[in-house]
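Me: I'm new to this one, so could you walk me through it with some questions and answers?

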Amino acid sequence: GALQKVRNNLFVIPGQGGNTAVFVTRTGVVLVDTKNPGNGQAILDRVTAVSDEPVSMIINTHTHGDHVGSNEFFASSVEVVTQENTRANMQKMPEMRDKPQAMPDRTFRDRLTIGTGQDRIDLYYFGAAHTNGDAFVVFPGVRAMHAGDVFAAKGPPLVDTANGGSSAAYADTLDKAVAGIHDVDTVIPGHSAVTTWAEFAAY
């Protein structure tokens with residue numbers, strides 16, 4: 001899909017798998033999720049339209065191929081960041097484990113802050129839901145969040161039990177996210193149009 005501006009230096013590329021967030025910082029471009037395999041060049045083409053900076057980091061919200069599939073396109077110098085359980089899940093994927101450049105270089109358990117000021121990104125993990133490694137990616141400078149597939153769209157939740165997802169924990173995890181994340185106005189869902197925090201909280 002075409003690049004859409006969310007706010008200031010944050011953009012979203014819909015389609016071909018999960019929504020990809022493009023966050024342009026002073027030190028490089030951060031991607032959140034890389035869609036299905038084969039989309040790397042298309043993502044890069046959209047990025048170069050809005051920034052001369054190279055892609056410096058990929059954050060994957062969770063393990064699924066429609067969110068990590070084009071990690072491998074990007075250079076090994078690009079840092080890949082996930083929740084620690086997602087790294088373990090990705091190691092079980094035959095298409096990922098033989099491609100070190102596609103695998104996470106850095107993981108976190110509950111919280112991780114990357115960058116400072118307007119470039120700051122806060123990562124949160126509140127427990128099992130869609131998988132056991134779902135990261136919420138918050139951009140405080142633009143009051144926005146990428147929710148991954150914990151909030152893919154307004155509809156019944158999808159639970160991947162093979163990757164640690166939990167129907168029992170899902171609602172609690174959402175409640176913890178709504179209570180634990182502050183000052184967000186805009187939400188990028190995993191697979192639907194950019195929406196509001198109120199819609200996420202209502203979900």
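Reply: Sure, and keep in mind that this is a predicted model. Let's start with a definition: a salt bridge is a side-chain nitrogen of Lys or Arg within 4 Å of a carboxyl oxygen of Asp or Glu.

Me: How many salt bridges does that rule give?

Reply: The general idea is simple enough: side chains of opposite charge can pair when their charged atoms come close. Going by the rule, the count comes to seven.

Me: Which residue does Lys 99 meet in a salt bridge?

Reply: Lys 99 sits in the loop between α4 (94-97) and β7 (106-108), and its partner sits in the loop between α2 (65-68) and β6 (79-83). The two are 27 residues apart, so the pair links distant parts of the chain. With the N to O distance at 3.2 Å, the partner is Glu 72.

Me: Is Glu 72 buried or exposed, or partly exposed?

Reply: Buried means under 20% relative accessible area and exposed means over 50%, with partly exposed in between. Glu 72 has 31% relative accessibility, so it falls in that middle class. Lys 99, at 27%, lands there too. For Glu 72 the answer is partly exposed.

Me: What about Arg 120 and Asp 122: which one counts as buried?

Reply: The side chains of Arg 120 and Asp 122 meet in a salt bridge, 2.8 Å from N to O. Arg 120 has 35% relative accessibility, so it counts as partly exposed. At 6%, the residue that counts as buried is Asp 122.

Me: How many residues apart are Asp 185 and Arg 143, the two ends of another salt bridge?

Reply: The closest N and O atoms of Asp 185 and Arg 143 are 2.6 Å apart. Asp 185 lies in the loop between α5 (167-180) and β12 (186-189), while Arg 143 lies in the loop between β10 (136-139) and β11 (144-148). Both count as partly exposed, Asp 185 at 38% and Arg 143 at 31%. This pair also links distant parts of the chain, and the separation is 42 residues.

Me: Now the sheet. Which strands stand at its edges?

Reply: The sheet is open and has seven strands in the order β1-β2-β3-β4-β5-β6-β7, with mixed pairing. A strand at the edge has a single partner, so one side of it is left without a neighbour in the sheet. From one strand to the next, the twist averages 25°. The edge strands are β1 (4-7) and β7.

Me: In β6, what is the bridge partner of Met 57?

Reply: Strands of a sheet pair through backbone hydrogen bonds, either parallel or antiparallel. Here β5 (residues 55-59) and β6 pair in the parallel sense over three bridges. The partner of Met 57 is Glu 79.

Me: Which strands does helix α3 touch?

Reply: Helix α3 covers residues 84-91 and packs on the sheet. Its direction makes about 110° with that of β6. The strands it touches are β6 and β7.

Me: Within what arc do the buried residues of α1 fall?

Reply: In helix α1 (residues 40-50), Gly 40, Ile 43 and Val 47 are buried. What covers them includes β2 (10-13), β3 (20-25), β4 (28-32) and β5. Seen down the axis, these buried residues line one face of the helix, because they fall within an arc of 70°.

How values were computed: Residues are numbered from 1 along each chain as its sequence is written. This is a predicted model: local features need pLDDT of at least 70, side-chain atom pairs count only at pLDDT 80 or more; totals for chains, interfaces and linings use all residues. Side-chain values use heavy atoms; hydrogens and water are left out. Helices (H or I, at least four residues) and strands (E, at least two) are DSSP runs, numbered from the N terminus. Buried means under 20% relative accessible area, exposed over 50%, partly exposed in between (1.4 Å probe, protein chains only). Two strands pair if DSSP finds at least two bridges between them. Axes are lines fitted to C-alpha atoms, for helices over the stretch in contact, and angles run from 0 to 180 degrees between N-to-C directions. Contact means heavy atoms within 4.5 Å. The arc is that of the directions from the helix axis to the C-beta atoms.
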